[in-house]
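Here are a few notes to read alongside the structure. Have a look at it first, then go through the points in order.

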Amino acid sequence: MIKLIIAITVLGFSSGILAQNAALPQLPKNWSGIVSVTAMGNTYQTKVNSTSKVGEMSFNSFDIPATITILKQEGRHLEFLYRSANYESRYVGTLSMDGKQIQIAYQQGSGSYTLEGNKLSGCGSGRGGKGTFKDWLNSYSTWCEEFTALP
């Protein structure tokens, strides 16, 4: 009797996991949109809008076109290529259980996206870009993006 209860419990748990994974969306491969960046110092996406005084970090803000290409999707697990005019990087991401959120990470930072139909939008932050501790400490940025799936 105990073996039967254990078997039913395991079967119920397994079918719940399979049902959740079956509901996950298969994401379109290509996305196009706009990134809005606010940065202090020399970050990975900096476009210099002004000159700063010696010892003073420069403030930058700009909006530029960007694209995302989904390189790999294995269930909830993603690898994608992010490109803008002055930056390119591979990101990893994980879809939430309901398939509506994506948490991402990349070499300089992290962020999250919300998925609604063919729209993907989100915000995050990054640090540094030159690979040194001083650069990481003195250079940081925030970003928000909105993408639309391409046919």
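1. Start with the hairpin that S3 and S4 make, with two residues between the strands. This is a predicted model, by the way. S3 covers residues 77-84 and runs antiparallel to S4, the two being joined by eight bridges. If you want one pair to look for, Ser-84 sits opposite Tyr-87 in S4.

2. S4 also makes a hairpin with S5, this time with five residues between the strands. In that turn, Gly-99 has a positive phi of about 75°. S4 and S5 (residues 101-106) are antiparallel too, with four bridges joining them. Here the pair to look for is Thr-94, which faces Gln-103 in S5.

3. Now follow the side chains along S4, residues 87-95: which ones are buried? Tyr-87, Ser-89, Tyr-91, Gly-93 and Leu-95 point to one face and are buried. Glu-88, Arg-90, Val-92 and Thr-94 point to the other face and are not buried. Such alternation between the two faces of the sheet is what a regular strand shows.

4. Next, the cysteines. A search of the whole structure turns up one disulfide. Its partners are Cys-123 and Cys-144, with their sulfur atoms 2.0 Å apart. Cys-123 belongs to strand S7 (residues 119-127) and Cys-144 to strand S8 (residues 140-149), so the bond ties together parts 21 residues apart in sequence.

5. What about the handedness of that disulfide? The torsion about the S-S bond is about 110°, so it is right-handed. As for exposure, Cys-123 is partly exposed at 37% relative accessible area, and Cys-144 is partly exposed at 36%.

Notes: Residues are numbered from 1 along each chain as its sequence is written. This is a predicted model: local features need pLDDT of at least 70, side-chain atom pairs count only at pLDDT 80 or more; totals for chains, interfaces and linings use all residues. Side-chain values use heavy atoms; hydrogens and water are left out. A disulfide is a pair of cysteine sulfur atoms within 2.5 Å. Buried means under 20% relative accessible area, exposed over 50%, partly exposed in between (1.4 Å probe, protein chains only). Two strands pair if DSSP finds at least two bridges between them.
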